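Visitor: Could you take me on a close look at a single part of this model, the strand pairing in the middle of things and whatever surrounds it? I would enjoy one connected account.

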Amino acid sequence: MGMGPVQAGAGDEDGFDAAPMSEINVTPMVDVMLVLLIIFMVAAPLMTVGVPVQLPKTAAAKTSESKKPVVVSVDKDGQAFLAKEPLPADSALARLKAAAAEDPGQTVLVRGDKDVPYGRVMEVMGLVGQAGFAKVSLIANAPSGGAAPAPAAPR
């Protein structure tokens, strides 16, 4: 007959005649790496918040003392004021130059009444610039919680 006896145990001890694998199965490793990537992507933004701490107090001086700014105001009649003193047109530039000579890097705040023509406020700002001040800011009131302001009583 053409059949020979089957020999159990001719190959490995479990009966299979298979050669050892010479390749590494990378699928589980890729799965683990993707899970770690997702964990770090989710956790990274949470790490930037920081830890709440109570900072100690120190007697050291502040690094930059802010100076009191020069305030130039224009009332509803178009009259200019330096602080609270009237600033006549003939001596305005000289007085502003004297203030700029003390500290030219000082900030000048320009306050203009809402009823003053825009051109008058720009004239005053031009004088401030000619005097030698480099930092000029306009002051305005913040809007009040959506409610319209009450009309002014007639005088």
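Guide: Val110 of strand 4 has Leu138 as its bridge partner in strand 5. This is a predicted model, in which local features need pLDDT of at least 70 and side-chain atom pairs count only at pLDDT 80 or more, while totals for chains, interfaces and linings use all residues. Residues are numbered from 1 along each chain as its sequence is written, and side-chain values use heavy atoms, with hydrogens and water left out.

Strand 4 (107–112) and strand 5 (135–139) run parallel and are joined by five bridges. Strands pair when DSSP finds at least two bridges between them; strands are DSSP runs of E with at least two residues, helices are runs of H or I with at least four, and both are numbered from the N terminus. Strand 1 (70–74) is also joined to strand 4 by five bridges, again in parallel, and there Val72 stands opposite Val110.

Val72 leads us into the largest nonpolar core, where Val72, Leu96, Val108 and Phe133 have the most contacts among 18 residues. Such a core is a set of buried Ala, Val, Leu, Ile, Met, Phe, Trp, Tyr and Cys residues joined through side-chain atoms within 4.5 Å, buried being under 20% relative accessible area with a 1.4 Å probe and protein chains only. Strand 1, strand 2 (80–82), helix 2 (92–102), strand 4 and helix 3 (118–131) each supply at least two of its residues. Leaving aside neighbours within four places in sequence, Val72 is in contact (heavy atoms within 4.5 Å) with residues including Phe81, Leu96, Val108, Val110 and Val128.

Val110 also lines the second largest pocket, together with residues including Tyr118, Met122, Leu138 and Ile139. A pocket is an open set of points on a 1 Å grid over the protein atoms alone, where a 1.4 Å probe fits and protein lies on both sides within 12 Å along at least five of seven lines; lining residues have an atom within 4 Å of a point. This pocket's volume, the space filled by probe spheres set on the points, is about 150 Å³. Helix 3 gives the largest share of the lining, four residues. By class, nine lining residues are nonpolar, one is polar and two are charged, with Ala, Val, Leu, Ile, Met, Phe, Trp, Tyr, Cys and Pro counted as nonpolar, Asp, Glu, Lys and Arg as charged, and the others, Gly among them, as polar.

Methods:
Buried < 20%, exposed > 50% of the residue type's maximum accessible area, 1.4 Å probe, protein only.
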